[in-house]
Amino acid sequence: MNTFRLAVSNTVSRAATRAKSVTRSMATGAAASSEPLVKTALYDLHLELGGDMVPFAGYELPVLYKGENGGVMKEHLWCREEGKASLFDVSHMGQIRWHGKDRADFLEKIVVGDIKGLAPGSGCLSLVTNANGGIIDDTVITNSGDYIYMVVNGATKFGDMKHFKEQMDAFDGDVTMEYLEDSMQLLAIQGPGAASAVSKLLPDGFDLEHMAFMTGVDTTLDGVDGCRITRCGYTGEDGFEIAMPASSAVSIASKLLEDPTVNPTGLGARDSLRLEAGLCLYGNDIDESTTPIDGALGWTMGGPGSRRRVEGGFLGAEHVITPEGKFKKTLKKRVGIVGMKAPAREHTEIYDASGEKLIGEITSGTFSPCLKKPIAMGYVETAMSKPGTDIMLKIRNKMQNAQVTKMPFVETRYYRVPE
């Protein structure tokens, strides 16, 4: 087996290990690893498809599928191939609806984004912060007209909701939180062929061509009422997250998989795809000890002079921005890293070019199936964060040369509405 195939093959066991470790470190209030794991509505279908099931965020989910098009490498490359799409079960994620006339005002107390400025149907990536400006979670929020739709991470959702309830108790306004629990399931379909595959389930006249990235709408799917589709994703490709009643999840997933361009895909490829796209994994690349500025996520507040940056108003804002709306100086910064000969894993130490001064740590790393070389992201001292800066990594007790680089590692292909 050549080096590339061996490296990618090894990601299977690493992904399973990562899934188990995330389960052990779930947020307060989530099911502990000693408690029974939750099965999504697609559990039996995963087994039929050859899913290799692992614990993840209190659920049993496939890390990969066994079969002709299965395995982390094949599943990963399928998602990037023209005309093809990958289907993920992400039903462990937390789906929340916010109601009440003051819902946007409340959300702007707990997240950094411009929620009041979202037009009906529009969404954004935002960050939930604590009193120190640290990141409690990252979330996608959409203005759904009569309510605001929020999706949070599965491993943190119970801790998030505990935090939300505490903030609601201190909020003088009209807002209620509706957690959809497992009554609604969530699928993600990602890849260049995602729109074509999804269009076959949408009602006649649905204008998918003019549905912009980061927008969502309530709709029917394959004739099933009570569904929702959002154009977003976690791979760097065009794609959608689709929510549906649990009773219809198997029929909708099966319908999508009837399309020969759609391949079931597990957690292993999901992780390598998001890393190629330069996207964070909560708990690895961002956590309560990192601020939006540390994590190179200041853009989620808007550009210079934008309302949220000028007004602040979110929890911990004084630790993130100045009264003038400028980013506060930070000691560390999240960066991309390339050039090493061997993959650098989580907690790998980062040194300056001399190999003498410790300047940071790797938070995520893998062997890129598309680039056929190791890639990683991590935190370094701000002074060492400029792209092209030479650094050294301590991998298996041996020093290796590497360089700081911009992200994403692979060009993203998020959908743009034709002009």
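Which residues have the most contacts inside the largest nonpolar core? I began with this question, working on a predicted model, and found that the core has 26 residues, with Ile189, Phe240, Ile242 and Ile252 holding the most contacts inside it.

**Entry 1: confidence**

I looked up the confidence before reading further, and the chain averages a pLDDT of 93, with 92% of the residues scoring at least 70. Over residues 1-32 the pLDDT stays under 50, and for this stretch the model has 53 contacts beyond four places in sequence; I leave those contacts out of my notes.

**Entry 2: the cores**

I returned to the core of 26 residues and listed the elements that give two or more residues to it, which are β4 (85-89), β10 (184-190), α6 (194-199), β12 (224-230), β13 (239-245) and α7 (249-257). Apart from this core lies another, of 22 residues, and I noted Trp98, Ala104, Val111 and Phe164 among them. In soluble globular proteins, nonpolar side chains tend to be buried together.

I then took Ile242 and asked what it touches, leaving aside residues up to four places away in sequence. The list I obtained is Gln185, Leu186, Leu187, Leu221, Arg228, Ile229, Ile252 and Leu256, and of these Ile252 is also one of the residues with the most contacts inside the core.

**Entry 3: strand β4 and its partners**

I examined β4 next and found that 5 of its 5 residues are buried. Ala85, Leu87 and Asp89 point one way from the strand, while Ser86 and Phe88 point the other way, and all are buried.

For the pairing of β4, I counted on the bridges: 3 of them join β4 to strand β14 (residues 262-264) in a parallel arrangement, and Leu87 has Pro264 as its bridge partner in β14. On the pairing with β10, 4 bridges join the two strands, which run antiparallel, and there Asp89 stands opposite Leu187.

**Entry 4: Ser86**

Is Ser86, in strand β4, buried or exposed? I count Ser86 as buried because its relative accessibility is 0%, which lies under the 20% cut-off. Its side chain makes a polar contact with the side chain of Thr265, at 3.4 Å. Not counting residues up to four places away in sequence, Ser86 touches Glu75, Trp78, Cys79, Ala188, Ile189, Gln190, Asn263 and Thr265.

Three of those neighbours, Glu75, Trp78 and Cys79, sent me to helix α3 (residues 72-80), which is mostly covered, with 7 of its 9 residues buried. I wrote down the buried residues of α3 as Val72, Met73, Glu75, His76, Trp78, Cys79 and Arg80.

**Entry 5: helix α5**

I checked the length of helix α5 (residues 157-169), whose 13 residues should span 18 Å at 1.5 Å a residue, and since its end C-alpha atoms are 18 Å apart, the model agrees with the expectation. The buried residues that I noted in α5 are Lys157, Gly159, Asp160, Met161, His163, Phe164 and Met168; Phe164 also belongs to the core of 22 residues.

**Entry 6: the hairpin of β11 and β12**

I found that strand β11 (residues 216-221) is joined to β12 by 5 bridges, and that the two run antiparallel, with Thr219 opposite Cys227 in β12. The hairpin has 2 residues between the strands, and Asp222 takes a positive phi near 55 degrees in it.

**Entry 7: Asn284**

I located Asn284 in the loop between α8 (267-276) and α9 (307-311). Its relative accessible area is 12%, so I count Asn284 as buried, and its side chain reaches the backbone oxygen of Thr363 at 3.2 Å. I also checked Asn284 against Met211, and the two are 73 residues apart in sequence and 32 Å apart in space, C-alpha to C-alpha.

**Entry 8: backbone geometry**

Where does Glu181, with its positive phi near 50 degrees, lie in the chain? I placed Glu181 in the loop between β9 (176-179) and β10. Arg396 likewise has a positive phi, near 50 degrees, and I found it in the loop between β19 (390-395) and β20; Arg396 counts as exposed because its relative accessibility is 65%.

Finally, I noted that the peptide bond from Met407 to Pro408 is cis, with omega near 5 degrees, and that Pro408 is found in the segment after β20 (398-405).

Terms used
Residues are numbered from 1 along each chain as its sequence is written. This is a predicted model: local features need pLDDT of at least 70, side-chain atom pairs count only at pLDDT 80 or more; totals for chains, interfaces and linings use all residues. Side-chain values use heavy atoms; hydrogens and water are left out. A nonpolar core is a set of buried Ala, Val, Leu, Ile, Met, Phe, Trp, Tyr and Cys residues joined through side-chain atoms within 4.5 Å. Buried means under 20% relative accessible area, exposed over 50%, partly exposed in between (1.4 Å probe, protein chains only). Contact means heavy atoms within 4.5 Å. The expected span of a helix is 1.5 Å times one less than its number of residues. A polar contact is a pair of N or O atoms within 3.5 Å; within protein, one must be able to donate a hydrogen and the other to accept it, and residues adjacent in sequence count only if both atoms are side-chain atoms. Two strands pair if DSSP finds at least two bridges between them. pLDDT is the predictor's confidence in each residue, from 0 to 100.
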